[in-house]
Amino acid sequence: MRFDIITLFPELFAPFVASGVTRRAYASGQVEVRLWNPRDHAEGNYRRVDDRPFGGGPGMVMLAEPLARCLAAIRAERGEPADDRAPLVLFSPIGETLNHAAVERWSASAGAVLLCGRYEGIDQRFIDAHVDLQMSLGDFVLSGGEIAAMALLDAVARLQPGVLNDEGSHQLDSFNPALDGLLDCPHYTRPEEWAGRPVPAPLMSGHHAQIERWRRDQRLSITARHRPDLIDAARKAGRLAPADEALLAKLA
């Protein structure tokens, strides 16, 4: 898959694609990342990409024309047919919040063009003419869309085959359907006791069914405490067994 990223700060991505376990996805070409600076497509000696907002107010607004030229260059290089083009995604507070289901869809896609806004925003006329989808990380504001783009890339890259050391480890992530959409359980490693705190006995028992029941109970209790909406969703989907409901009744 290929992600073309429109950003005024392409240098932010260099350490990102070269670090951590997900670098394997970029090094192998499973996830191709191309960086495009709209300043390279601006006119004049100063390569201006922003201007004051009509109507007054604080901040600056990104100009439509350099973005349009930049996008045209991306479309030309991708060589896509007009009826099957990669979507242009803008990271914006009004977009749908990125979640696990969306990440799974993106991980099986051919990629997208990611637009990282800056300043007060982007000329709405460019958004109306070209943006296919708006996406958000949550109810807060970042100084630009680059961190949001990295979040999407990282989430997608780690789902590619061979990227994680353990091929099935992402199946045990929080929100994964393999865990019925619940939050993950706590994890422990050596030593068996640290600062007077022992590892929970079921994990030391060697009894597979007992271990799995403990982990399931922990997932249920943690999810009920922190994200009861996920419990409701699992219940509506028929994913909770009688033993699950019995535990939840005790927690209520």
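This briefing covers the sheet, the helix packed on it, the salt bridges and a nonpolar surface patch. The model is predicted. Its five-stranded open sheet pairs in parallel and has the strand order S2-S1-S6-S5-S8. Helix H6 packs on this sheet, and a search of the whole structure finds 21 salt bridges.

**Sheet**

- The sheet is open and consists of five strands in the order S2-S1-S6-S5-S8, with parallel pairing.
- Strand S2 (32-36) and strand S8 (133-136) form the edges, and each of them pairs on one side only.
- On average, neighbouring strands of this sheet are turned by 40 degrees against each other, direction ignored.
- Strand S1, residues 2-6, pairs with S2 in the parallel sense over five bridges. Within this pairing, Arg2 has Glu32 in S2 as its bridge partner.
- S5 and S6 run parallel and are joined by three bridges. Here Leu88 has Val113 in S6 as its bridge partner.
- Five bridges pair S5 with S8, again in the parallel sense. Thr97 stands opposite Ser136 in S8.
- In a regular strand, side chains alternate between the two faces of the sheet.

**Helix H6 on the sheet**

- Helix H6 is made of residues 146-157 and packs on the sheet.
- The helix touches S1, S2, strand S5 (88-97), strand S6 (111-115) and S8.
- The direction of helix H6 makes about 170 degrees with that of S1.
- Two residues of this helix return below: Glu146, which takes part in a salt bridge, and Ile147, which belongs to a nonpolar surface patch.

**Salt bridges**

- Arg118 and Glu146 meet through their side chains in a salt bridge, with an N to O distance of 2.9 Å. Both residues are buried.
- This pair links distant parts of the chain: Arg118 is in the loop between S6 and strand S7 (121-122), whereas Glu146 is in helix H6, and the two are 28 residues apart.
- Arg125 forms a salt bridge with Asp123, and their closest N and O atoms are 2.7 Å apart.
- The two partners of that bridge fall into separate accessibility classes. Arg125 counts as exposed because its relative accessibility is 59%, above the 50% cut-off. Asp123 counts as buried because its relative accessible area is 16%, under the 20% cut-off.
- Asp51 and Arg48 are joined by a side-chain salt bridge at 3.6 Å, N to O. Asp51 is partly exposed, at 31% relative accessibility, and Arg48 is also partly exposed, with a relative accessible area of 42%.
- A network of salt bridges links Arg2, Asp4, Glu32, Arg34, Arg75, Glu77, Arg78 and Glu80. Among them are Arg2 and Glu32, the bridge partners named above for the pairing of S1 with S2.

**Nonpolar surface patch**

- Leu137, Phe140, Leu142 and Ile147 make a nonpolar surface patch of about 340 Å².
- Ile147 lies in helix H6, the helix that packs on the sheet.
- Ile147 has a relative accessible area of 53%, so this residue counts as exposed under the cut-off of over 50%.

How values were computed: Residues are numbered from 1 along each chain as its sequence is written. This is a predicted model: local features need pLDDT of at least 70, side-chain atom pairs count only at pLDDT 80 or more; totals for chains, interfaces and linings use all residues. Side-chain values use heavy atoms; hydrogens and water are left out. Two strands pair if DSSP finds at least two bridges between them. Helices (H or I, at least four residues) and strands (E, at least two) are DSSP runs, numbered from the N terminus. Axes are lines fitted to C-alpha atoms, for helices over the stretch in contact, and angles run from 0 to 180 degrees between N-to-C directions. Contact means heavy atoms within 4.5 Å. A salt bridge is a side-chain nitrogen of Lys or Arg within 4 Å of a carboxyl oxygen of Asp or Glu. Buried means under 20% relative accessible area, exposed over 50%, partly exposed in between (1.4 Å probe, protein chains only). Patches are made of residues with over 30% relative accessible area and no salt bridge: like charges are joined within 9 Å, nonpolar side chains (Val, Leu, Ile, Met, Phe, Trp, Tyr) within 5 Å. Accessible areas come from the Shrake-Rupley method with a 1.4 Å probe; for residues, only the protein chains shown count as cover.
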